[in-house]
Amino acid sequence: MWIFRTKAFKRDYRNLTQDLRRRVDKQLELFVQNPRHPSLQVKKMEGKWGEQGIFEARVTQGYRFTFKIDGEHYTLRRVGPHDILRSP
């Protein structure tokens, strides 16, 4: 598995609080070990984003990260509150 981060993901991550960055790091560790880990609650996005192969995963109750899969390449697209799901 190869993990890539978009500029938007890097920017979003930098803007998170230190506590949220730790939570994101913990969830990303789980993600690397097992992308289907139950606590991630991974699901394909609905509508046009899902049609484009974009998924979302849970960080906390109110925070998510989005990603796209291309074979063994996983591209982390965005991270933040539910609002990011409008343009993942």
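Strands here are DSSP runs of E, at least two residues each, numbered from the N terminus. The model is predicted.

**Stop 1: strand 1.** Select residues 2-5. This is strand 1, and I3 lies in it. Is I3 buried or exposed? Neither: partly exposed means between 20% and 50% relative accessible area, and I3 counts as partly exposed because its relative accessibility is 36%.

**Stop 2: the surface patch.** Keep I3 selected and add M1 and V32. Together, M1, I3 and V32 make a nonpolar surface patch of about 240 Å².

**Stop 3: V32.** Now centre on V32. This residue belongs to helix 2, residues 18-33. Which residues does V32 touch, leaving aside neighbours within four places in sequence? They are M1 and I3. Next, pick the C-alpha atoms of V32 and Y74. They sit 9.7 Å apart, with the two residues 42 apart along the chain.

**Stop 4: the largest nonpolar core.** Select F31, F65, F67, L76 and V79. These have the most contacts inside the largest nonpolar core, which has 14 residues. Colour helix 2, strand 4 (63-70) and strand 5 (73-81): each supplies at least two residues of this core. Helix 2 gives the most, with 4 residues.

**Stop 5: L76.** Stay in the core and show what surrounds L76. Beyond its neighbours within four places in sequence, L76 is in contact with I3, F4, R5, T6, F9, L28, F31, F65, T66 and F67. I3 thus returns from the surface patch, here as a contact of L76.

**Stop 6: a second core.** Finally, select M45, W49, I54 and L85. They are among the 5 residues of another core, which lies apart from the largest one.

Terms used: Residues are numbered from 1 along each chain as its sequence is written. This is a predicted model: local features need pLDDT of at least 70, side-chain atom pairs count only at pLDDT 80 or more; totals for chains, interfaces and linings use all residues. Side-chain values use heavy atoms; hydrogens and water are left out. Patches are made of residues with over 30% relative accessible area and no salt bridge: like charges are joined within 9 Å, nonpolar side chains (Val, Leu, Ile, Met, Phe, Trp, Tyr) within 5 Å. Accessible areas come from the Shrake-Rupley method with a 1.4 Å probe; for residues, only the protein chains shown count as cover. A salt bridge is a side-chain nitrogen of Lys or Arg within 4 Å of a carboxyl oxygen of Asp or Glu. Buried means under 20% relative accessible area, exposed over 50%, partly exposed in between (1.4 Å probe, protein chains only). Contact means heavy atoms within 4.5 Å. A nonpolar core is a set of buried Ala, Val, Leu, Ile, Met, Phe, Trp, Tyr and Cys residues joined through side-chain atoms within 4.5 Å.
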